[in-house]
Amino acid sequence: MSRQVYINGKFVPAEQATVSVFDHGLLYGDGVFEGLRSYNSKVFRLEQHVRRLYESAEAIRLEIPMSQAAMGEAIDLSVQTNGIEDGYIRAVVTRGAGTLGLDPNRCHDPQVIIIADAIALYPEELYEKGLEIITSSVIRNHPAALNPCIKSLNYLNNILAKIEGLEAGCIEALMLNHKGEVAECTGDNLFLVRDGQLLTPPLDAGILGGITRGAVIELARETGLEVLETTLSQDDVYAADECFLTGTAAEVIPVVKVDDRSIGTGKPGPITLDLKERFHRLARE
Ligand code: PXG
């Protein structure tokens, strides 16, 4: 059976789930999205993702034509309808079809789309060996230009950094902010371990407040680790004992090299591996 895609209140076969070429989501990247994950057919931190979707929408003054509760139900239903156990879900809200001009007031029909699919996992080997990443020359969007807290359909900032990473043979790339501070990776947040403390850039470094990031901070505090949300430099990264990334797709993944510099022992560290296990259990419990 073909995939059933939710679009504006109905489930239709994937091939029939289409939007207008005049949709400002396409013409201008004018819209918002969320990437969620299901484990055993249950969506991880559904309410938080839905809240973030609505916060993103509010930030771009896009009114989503349904309640948060109805959105949550539609996301759950997308997973059930497609018989998905471990899956990846994309929720998208576009500004809708308008005219060939920026004016969002000419768009009257926001499109609500939910796609539930199987998850494409990173190879297990990467979790055992750890990632090698580079620092991209592309800086993260200035928060006063397009705040990285908004998960908008305009991901070019991250995509340009991702291209640079891929050209260097890396599946992730570290992005600095306009002040040269460590921000995050193209689709993952960054953590360091230094002297037994967990460090991660604060939201005002210009990052997306990752839901996995939040869960890992909670888990770390539960185990008695001190967690500091603090400004980090590239040198802090190079000098760290351990480094890892967090994200819905990656969960917790160790980083062992940044810009050809080995981090710590050059192997995934004990605190990273412990948090990776704890998150794995939390997501599946
Ligand atoms: N930073 C950025 C810029 C992100 O886009 C994260 C951090 C991690 O946040 P969560 O809430 O997932 O812990 C993200 C989100 C994909 C994909 O298809 C993943 C993200 C964004 C866009 C696409 O893998 N990650």
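**Exercise 1. The ligand site**

Find how many residues surround the ligand in this predicted model, and which are the closest.

*Solution.* Start by selecting the residues around the ligand: there are 21 of them. Next, pick out the closest, which are Tyr155, Glu184, Ile211, Thr212 and Thr248. Please keep in mind that the model is predicted.

Now turn to the polar atoms. An N or O atom in the side chain of arginine 52 is 2.9 Å from an oxygen atom of the ligand. For arginine 90, a polar side-chain atom and a ligand oxygen are 3.0 Å apart. Glycine 187 uses its backbone instead: one of its backbone N or O atoms lies 3.1 Å from a nitrogen atom of the ligand.

**Exercise 2. Two domains and their interface**

Work out where the domains lie in the chain, and how much area they bury between them.

*Solution.* First, split the chain: the domain assignment gives residues 4-117 to domain 1 and residues 124-284 to domain 2. Their C-alpha centres are 26 Å apart.

Second, count the contacts. On the domain 1 side 24 residues take part, and they touch 20 residues of domain 2.

Third, turn to area. The size of an interface is often expressed as the accessible area lost when the parts come together. Here the two domains bury about 1800 Å² between them, with 63% of it on carbon and sulfur atoms. Of the area that domain 1 buries against domain 2, Phe33, Tyr39 and Arg52 supply 34%, more than any other three residues. Arg52 is thus a residue to revisit from Exercise 1, where its side chain was placed 2.9 Å from a ligand oxygen.

**Exercise 3. Polar pairs and the domain 1 side**

Which element supplies the largest share of the side of domain 1 that touches domain 2?

*Solution.* Begin with the pairs across the interface: the rule finds two salt bridges and eight residue pairs in polar contact. Then list the elements that each supply at least two residues on the domain 1 side: helix H1 (24-28), strand E3 (31-39), helix H2 (46-59) and strand E5 (87-94). E3 gives the largest share, eight residues. Finally, sort this side by class: eleven residues are nonpolar, eight polar and five charged.

Conventions. Residues are numbered from 1 along each chain as its sequence is written. This is a predicted model: local features need pLDDT of at least 70, side-chain atom pairs count only at pLDDT 80 or more; totals for chains, interfaces and linings use all residues. Side-chain values use heavy atoms; hydrogens and water are left out. Domain bounds come from an automatic or database domain assignment. Contact means heavy atoms within 4.5 Å. Buried area is the accessible area (1.4 Å probe) that two parts lose on being put together, summed over both. A salt bridge is a side-chain nitrogen of Lys or Arg within 4 Å of a carboxyl oxygen of Asp or Glu. A polar contact is a pair of N or O atoms within 3.5 Å; within protein, one must be able to donate a hydrogen and the other to accept it, and residues adjacent in sequence count only if both atoms are side-chain atoms. Helices (H or I, at least four residues) and strands (E, at least two) are DSSP runs, numbered from the N terminus. Ala, Val, Leu, Ile, Met, Phe, Trp, Tyr, Cys and Pro count as nonpolar, Asp, Glu, Lys and Arg as charged, and the others, Gly among them, as polar. A residue is near a molecule or strand if one of its heavy atoms lies within 4 Å of it.
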